[in-house]
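Okay, thanks everyone, I'll keep this short. Have a look at the structure on the screen, and I'll walk you through a few spots in it.

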Amino acid sequence: MSNDPHRTALSSAPRPALSRRFLPALALACLAAGGGMAVPAHATTTGAAPAHPVTTRVQPVPAQAAASFPTWGTRWVVHATSDINSPAVGMINQTSPGQDRVTADYQVDTGRRVCEGSACSTFMAHITQPVTGFLTVVAVDIPEDRLPGVPVQDGSPDPQPGARQQTLHRAATWLTAHNGGPVPYSQGSYWRDGYRQDCSGYASMALGLPTPGTTTVGLAHHRLTRPIPMSELQPGDLVIDAIGNSNTRHVVIFEKWNDDAHRSYTAYEQRGVYGTTHRSLTYGLAAGSEYKAHRPLQYGN
């Protein structure tokens with residue numbers, strides 16, 4: 001097996017022999033979500049990138065909005081964008097080969113090939129389940145080098161509108177998930193979806209990060225978010241107080257400004273006593289506040 005440092009996933013299960021077209025290649029950065037550590041992998045990239053890479057233009061294929069596919073192997077990294085330098089936003093098949101199926105709505109021809117054994121592909125699929133992000137098509141258990149029946153787009157489109165709305169949609173699900181009411185708050189309990197029932201577990205769930213969720217400090221880390229001015233908050237961004245201890249730190253999910261003067265905003269919040277709430281807040285708007293605005297890197301802007 002190659003010791004190529006540009007490897008994209010750890011695949012512990014043998015892959016059935018596949019016949020795929022061999023195209024130019026793309027190396028994938030392999031970072032553990034939120035941890036900043038390289039993920040060991042067997043998948044390798046072949047061929048050096050040309051000074052001026054040529055992207056193969058493929059006309060979009062008429063298809064349904066999304067399609068589900070089986071996967072194989074273990075520990076395939078899902079990235080924030082199809083950019084090789086984008087951070088990891090999750091992982092599939094974390095413990096068992098093929099334990100996850102993925103749902104993809106489009107795919108991108110990156111122009112460089114990723115290989116695992118005899119399976120190779122230049123394509124990154126944009127998946128919406130079980131994690132939202134970009135996954136090499138090599139991880140999908142199909143004989144083709146691209147996903148059949150899934151549209152091909154020339155480059156990575158701005159993922160902001162869809163990704164932001166998915167964050168807000170997931171956040172809203174906890175408002176009624178507990179017998180029609182909000183999910184109770186707890187730093188030590190886990191909801192039935194596997195996420196910790198505190199503010200950072202809730203925000204991790206809304207962002208589609210791996211269970212049980214990272215901490216408030218983890219959400220403020222540069223591998224997951226970047227600081228922005230409060231005035232630039234957009235739907236799905238985070239407002240975080242990462243100072244102090246587990247009883248003082250907090251994070252909320254911004255939805256919208258309540259007025260043009262930005263005197264308050266509406267946000268989703270997981271808080272003590274009340275559990276999941278959707279209400280007007282002013283965290284971070286006062287001078288000197290410890291609350292800071294952060295933009296998840298998975299939005300791509």
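So, let's start in the loop between β6 (119-129) and β7 (133-136), which is where P130 sits. Keep in mind that this is a predicted model. The peptide bond running from Q129 into P130 is cis, and its omega is near -5°. There's another cis bond further along, from T211 to P212, with omega near 0°. P212 belongs to the loop between α2 and α3 (216-219). For background, most peptide bonds are trans.

Let me zoom out for a second. The protein chain has three helices and 14 strands. It's 301 residues, and 50% of them count as buried. If you take contacts between residues at least 6 apart in sequence, 61% of those join residues at least 24 apart. As for the surface, the chain exposes about 13,200 Å², with carbon and sulfur atoms supplying 54% of that.

Now, helix α2. How many of the nine residues in α2 are buried? Nine of the nine, so this helix, residues 199-207, is largely enclosed by the rest of the structure. The buried set includes C199, Y202, M205 and L207. Right after the helix you reach G208, which takes a positive phi of about 75°.

Y202 is a handy link to my next residue, because E269 is buried, at 1% relative accessible area, and Y202 is among its contacts. E269 is in strand β12, residues 265-271. What do we find around that side chain? There's a polar contact with the side chain of H250 at 2.8 Å, and another of 2.9 Å with the side chain of Y283. Leaving aside neighbours within four places in sequence, E269 is also in contact with residues including V252, T276, R279 and L281.

Last stop, backbone angles. Most residues other than glycine have a negative phi. Two spots here go the other way. R75 has a phi near 60°, and you'll find R75 in the loop between β2 (67-70) and β3 (76-79). N93 has a phi near 50°, and N93 is in the loop between β4 (88-92) and β5 (101-116).

And which of the two labels, buried or partly exposed, goes with R75? R75 is partly exposed, with a relative accessible area of 27%. N93, on the other hand, counts as buried, at 0% relative accessibility.

That's my tour, happy to scroll back to any of it.

Technical notes: Residues numbered from 1 in each chain as written. Predicted model: local features only at pLDDT ≥ 70, side-chain atom pairs only at ≥ 80, totals over all residues. Heavy atoms only, no water. Buried < 20%, exposed > 50% of the residue type's maximum accessible area, 1.4 Å probe, protein only. Helix = DSSP H or I, 4+ residues; strand = E, 2+ residues; numbered from the N terminus. Polar contact = N/O pair within 3.5 Å; in protein donor to acceptor, adjacent residues only side chain to side chain. Contact = heavy atoms within 4.5 Å. Areas by Shrake-Rupley, 256 points an atom, 1.4 Å probe, with all protein chains shown as cover.
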